[in-house]
There are 2 protein chains.
Amino acid sequence: MTSTVTVAVDANGADLGPAEVAAGAAIAAQQGVRVILFGPAAQMQPVPEGVTVVDAPVSIAKVADPVRAARSTPEASVVQAVRAVAAGDADAFVSGGSTGSALAAGLFEIRRDRGIHRPALALPIPVPGHPVTILDVGANTEVRPEHLVQFAFMGAAFAQAVLGVDKPRVGLLSNGEEAIKGTPLVVEAHEALTARALGSPIMDFVGNVEGTQVTAGVADVVVADGFTGNIALKLMEGVSQKTMAAVREVAMASWRGRLGGLLLRPGLRAFRDEIDPEGPGGAYLLGLRKLGVVPHGRFTRYGFSQAMLLAARGVRADVVGRTHAALEAAGALKAPAPLAQERAGGSEPATTVGGS
Amino acid sequence: MTSTVTVAVDANGADLGPAEVAAGAAIAAQQGVRVILFGPAAQMQPVPEGVTVVDAPVSIAKVADPVRAARSTPEASVVQAVRAVAAGDADAFVSGGSTGSALAAGLFEIRRDRGIHRPALALPIPVPGHPVTILDVGANTEVRPEHLVQFAFMGAAFAQAVLGVDKPRVGLLSNGEEAIKGTPLVVEAHEALTARALGSPIMDFVGNVEGTQVTAGVADVVVADGFTGNIALKLMEGVSQKTMAAVREVAMASWRGRLGGLLLRPGLRAFRDEIDPEGPGGAYLLGLRKLGVVPHGRFTRYGFSQAMLLAARGVRADVVGRTHAALEAAGALKAPAPLAQERAGGSEPATTVGGS
């Protein structure tokens, strides 16, 4: 546990530029994480202590087809960063802000962990008082019940290892609490999860969770297919922003309001800090042989540093190993594929982002 | 247009009791709507002017299996109210608060309109500045692309006839704006809608709408399957409540906050009024031969009166006829079923609530 963790970071793609990512790396390095930055070296001078810079100016963060770009641009910074992890030169990777290219590169270069059907994107959402991690938020538009079962274990292991939740309560997002509510996919996953989670040391399956309950603190991890999960997270973002904007508007509409807003400001600022999406570091790519984190492109150095620090925590706490052990104990690992297929990347249909 | 509209109302099921529903009926009657109340007559005395009371004390609002109860309890108040509409004694129905029983009774007694695949539940959500109607919010857990196409026209006709939106902008809820984003269901519905909506006089199809855009005012109507729509609406409710509760908490945490909250109160009250779910009257059951409205059980007399008044507006503006005409013009009506099947209720699989 005392060995230094190395994180490979793609410095391209951030709205504020590579220098902001480098500033995040400096913060992470000060806290004991070794960082290798892949990006335009000229824009990241002077190199912070504890940080290595590899000059990789080519960016595929803004391309139209990130899957194709990740395959055809080996010199791209994100591909180089991910390849460093695949080669064992780093323990985890952090992208500078483009989900598509990071996801594609991660899938191609690092590959799925043994027995995992599909990787998933997990996003920890800082709901006040009750943070909740939603997965999948977009890697797999369509899934099968056994995929949701694995997502549940992956999310639980993540919440335990990275977010420090003791025995995460895991719920299935559905249109009603009863076990019979939901699509056939959800109903079947519910039944399978009830059986698989029995006696699990890393998760407490709490059953179906309705939309109103996602923010109510009844579950630490909420499992959904990538279509529903993506809609859910963006709805939460939209409604929360809209509501805060309305409160702000009220506080600007009159002298009474302005004075009231002034008095409330310190309290509201603390609230805003609590729900700051930069705190949890971004979306986590789970189910690969190594951990990957995709901060939002609009993040500041703080968010990028959190991504690196939490990725390092995930490595130290062995989120990949924990996931594997829990799935194995629950009998939820995928049966080994025939050798020929295994070498071609397994018999499973590719993840959406994989593009095939 | 000057003929009086009659609304049949189930007075059972409201959290505040039948008297509150009767008080709502009194408000609607004062504004020119004829109301027939079905419920415990003894609890609705004196009978308001313009209101008729039919003693129907039996309630199936709280039963475990509303579908079975709606079939096997002809004396239930909701069944009687719906039957009055089916018989032509009333033009639309309003339930006292139980979605399940109202939906089941509506489906059994009033039946689908000619050429409609599936009825849907539409909920107008009072987003500040940009109200948005989501459908389906729970009548159909699973749908086919042609169902989503019809939901789009049903929602547009509703927004035009009941909410007074000139030419409603209709979007498909998805995990990305591009036409290729979404499940195969959504992608196929997108393609079909693009073709069907071309030149439609009642709708402007704006394509896919992401979660963040639902509250951004880009669409007046958002179409989804009942599983996703139900999750979406409850998430919006949960996040909005949670955010307002957090603001309230800040305003209670210190003397500064308390004073600030006091100053902001009038403005926040106006905001709360604007987003009051009682304003739009509840969820609308569309696609039947007559209009039905299901207010939330927790509503006060105001919400119930709104349900009756807006149901009457929907009748006057002929929401059913407009939907039919628009679907016919777009070539999106279902082909007539063979006679034997038509008599048995059509060849379509039943709506979720139908239970079979």
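Colleague: What share of the interface residues of chain B are also interface residues in chain A?
Modeller: This is a predicted model, in which local features need pLDDT of at least 70, side-chain atom pairs count only at pLDDT 80 or more, and totals for chains, interfaces and linings use all residues, while side-chain values use heavy atoms, leaving out hydrogens and water. Residues are numbered from 1 along each chain as its sequence is written, with chains lettered from A and ligands numbered from 1 in the order in which they are written. Contact here means heavy atoms within 4.5 Å. The copies meet through the same surface, because the overlap of chain B's interface residues with those in chain A is 100%.

Colleague: What relation do chains A and B have, given how one is laid on the other?
Modeller: The copies are superposed by least squares on the C-alpha atoms of residues with pLDDT of at least 70 in both. A turn of 180° and a shift of 0.0 Å along the axis lay chain B on chain A with an RMSD of 0.0 Å. That's the relation of a two-fold axis.

Colleague: Which residue of chain B comes closest to the rotation axis?
Modeller: Go by the C-alpha atoms for this one. At 1.9 Å from the axis, the closest in chain B is B:G260.

Colleague: How much accessible area does the nonpolar patch of A:W255, A:L259 and A:L262 have together?
Modeller: A patch takes residues with over 30% relative accessible area and no salt bridge, joining like charges within 9 Å and nonpolar side chains (Val, Leu, Ile, Met, Phe, Trp, Tyr) within 5 Å. One member, A:L259, lies in helix α8 (residues 255-274) of chain A and is partly exposed at 38% relative accessibility (buried is under 20%, exposed over 50%, partly exposed in between, with a 1.4 Å probe and protein chains only). Areas come from the Shrake-Rupley method with a 1.4 Å probe, counting only the protein chains shown as cover for residues. Together, the three residues of this surface patch come to about 340 Å².

Colleague: How far apart are the C-alpha atoms of B:D273 and B:P126?
Modeller: B:D273 sits in helix α8 (residues 255-274) of chain B; helices (H or I, at least four residues) and strands (E, at least two) are DSSP runs, numbered from the N terminus. B:D273 is exposed, with 56% relative accessible area. B:P126 is 147 residues away from B:D273 along the chain, yet their C-alpha atoms are separated by 9.5 Å.

Colleague: How many aromatic pairs are there over all chains?
Modeller: Rings of Phe, Tyr and Trp (its six-membered ring) pair if their centres lie within 6.5 Å, and planes under 30 degrees apart are stacked, over 60 edge-to-face, the rest tilted. Over all chains, the number of pairs is 4.

Colleague: How many residues apart in sequence are the parts tied together by A:F158 and A:Y284?
Modeller: The structure's 4 aromatic pairs include A:F158 and A:Y284, tilted, with 4.6 Å centre to centre and 50° between the planes. A:F158 is in helix α5 (residues 145-161) and A:Y284 in strand β10 (residues 283-286), both of chain A, so the separation of the tied parts in residues is 126.

Colleague: Are A:F158 and A:Y284 buried or exposed?
Modeller: A:F158 has a relative accessible area of 0%. A:Y284 also comes out at 0%, and both residues are buried.

Colleague: How many salt bridges does the structure have over all chains?
Modeller: Side chains of opposite charge can pair when their charged atoms come close. The rule used is a side-chain nitrogen of Lys or Arg within 4 Å of a carboxyl oxygen of Asp or Glu. Over all chains, that gives a count of 10.

Colleague: How many residues separate B:D220 and B:R169?
Modeller: These two form a salt bridge, with the closest N and O atoms of B:D220 and B:R169 being 2.9 Å apart. B:D220 is in the loop between β8 (204-209) and β9 (221-223) of chain B and B:R169 in strand β7 (residues 169-173), a link between distant parts of the chain whose separation in residues is 51.

Colleague: What phi does A:D318 have?
Modeller: Most residues other than glycine have a negative phi. A:D318 lies in the loop between α9 (301-316) and α10 (319-329) of chain A and is partly exposed at 42% relative accessibility. Although A:D318 is not a glycine, its phi is positive, at about 55°.
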